[in-house]
Amino acid sequence: MAHLIPHKTPKILKQFFTTYLWHLHPENEKKIYLTFDDGPIPEVTEFVLEQLNKYNAKATFFCIGDNIKKHPQIFKKIISDNHAVGNHTMNHLKAWKSDIETYLKNIKDCENIILEHHKVKNNKKLFRPPYGQISYSKFKVLEKQGYQIVLWDVLSKDWDHNISREVCLQNVIHHTEPGSILVFHDSIKASKNLTYVLPRVLNYFTEKGFVFDKIEL
């Protein structure tokens, strides 16, 4: 799904899938919610954390369990810097290509890895399905297990090598509004665009009086 939708999520999707979280707060509140998928990854996630600290910005990291397992110290840094974390499955599974038992076990395995280092303090556990894919049957089970599905208002497409870093930046700036949930990726694939765009997004919106906050429900 993620590779099919434009930078700005169409309103029809938000209206149709009202149980998913697309944005937060009234549009007159000058808050932006940065989210980062696919980490933690050495150097890339560390770069993100460094940039966030420069602007006293908070964010939400949707982590892959296998990457937490490989890089626990970076995950602990995310926690110690007081950012929020969410589940992005253990191995970045596609919901539409996985049976329900396999998919739910993969999420549970990621949850267990997260809980080894961090007790979830939110009222609901945060989950972002890889590629934005989730079926109704899988969603209903996750809902009963206390998960909030978090999607997005603005997709940076930082991983897309067909988009220049300048175009990526302008698209993010153009589409972001108060309350927007933005998606970036702290991954090697996205790093070329991310390292250019993120500092400039932080600077641009900070100068406009915006605050960057983490997702807490």
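Here are a few worked exercises on the predicted model above.

The model is predicted, so local features are taken at pLDDT of at least 70 and side-chain atom pairs at pLDDT 80 or more, while totals for chains, interfaces and linings use all residues. Residues are numbered from 1 along each chain as its sequence is written, and side-chain values use heavy atoms, with hydrogens and water left out.

**Exercise 1. Salt bridges**

Task: find out where the partners of the Asp-37 salt bridge sit in the chain, and whether they are buried or exposed.

Solution:
- Start with the criterion: a salt bridge is a side-chain nitrogen of Lys or Arg within 4 Å of a carboxyl oxygen of Asp or Glu. The structure holds 11 of them.
- Asp-37 pairs with Arg-128, with 2.8 Å between the closest N and O atoms. Asp-37 belongs to strand E1 (residues 31-37), whereas Arg-128 is in the loop between strand E4 (125-127) and helix H6 (136-144), so this contact links distant parts of the chain, 91 residues apart.
- Those labels are DSSP runs numbered from the N terminus: helices (H or I) have at least four residues and strands (E) at least two.
- Now for accessibility: buried means under 20% relative accessible area, exposed over 50%, and partly exposed in between, using a 1.4 Å probe and protein chains only. Asp-37 and Arg-128 are both buried.

**Exercise 2. Two more pairs**

Task: classify the residues in the salt bridges Glu-166 to Arg-165 and Lys-214 to Glu-216.

Solution:
- Glu-166 and Arg-165 have their closest N and O atoms 3.3 Å apart. Glu-166 has 39% relative accessibility, so it counts as partly exposed; Arg-165, at 39%, is partly exposed too.
- Lys-214 and Glu-216 meet at 3.8 Å, N to O. Lys-214 is buried because its relative accessible area is 12%, but Glu-216 is exposed because its value is 52%.
- Elsewhere, Glu-29, Lys-31 and Asp-213 are joined into one network by salt bridges that share partners.

**Exercise 3. The neighbours of strand E7**

Task: work out which strands pair with E7 and which way its side chains point.

Solution:
- Check the cover on strand E7 (residues 181-185): 5 of its 5 residues are buried.
- Split the side chains by direction. Ile-181, Val-183 and His-185 point one way, Leu-182 and Phe-184 the other way, and all are buried.
- Look for partners, where a pair needs at least two DSSP bridges between the strands. E1 and E7 run parallel and are joined by 5 bridges, with Phe-36 opposite Phe-184.
- Strand E6 (residues 154-155) also pairs with E7 in the parallel sense, over 2 bridges. Here Leu-155 stands opposite Val-183.
- Follow the chain from E6 through helix H7 (residues 165-175) to E7, and you get a right-handed β-α-β crossover. Right-handed here says that, with the strands pointing away from the viewer, the path from the first strand over the helix to the second runs clockwise.

**Exercise 4. Strand E3 and its partner**

Task: describe how strands E2 and E3 pair.

Solution:
- Strand E2 (residues 59-63) and E3 run parallel, joined by 4 bridges. Phe-61 is placed opposite Val-85 in E3.
- Within strand E3 (residues 84-87), Ala-84 and Gly-86 point one way and Val-85 and Asn-87 the other way, and all are buried.

**Exercise 5. Backbone oddities**

Task: say where the cis peptide bond is and where the positive phi values of Glu-43 and Asn-56 occur.

Solution:
- Gly-39 and Pro-40 are joined by a cis peptide bond, with omega about 0°. Pro-40 is in the loop between E1 and H2.
- Glu-43 is in the loop between E1 and H2 as well. Glu-43 isn't a glycine, yet its phi is positive, about 70°. It is exposed, with a relative accessible area of 64%.
- Asn-56, in the loop between H2 and E2, has a positive phi near 50° and is not a glycine either. At 64% relative accessibility, Asn-56 counts as exposed.
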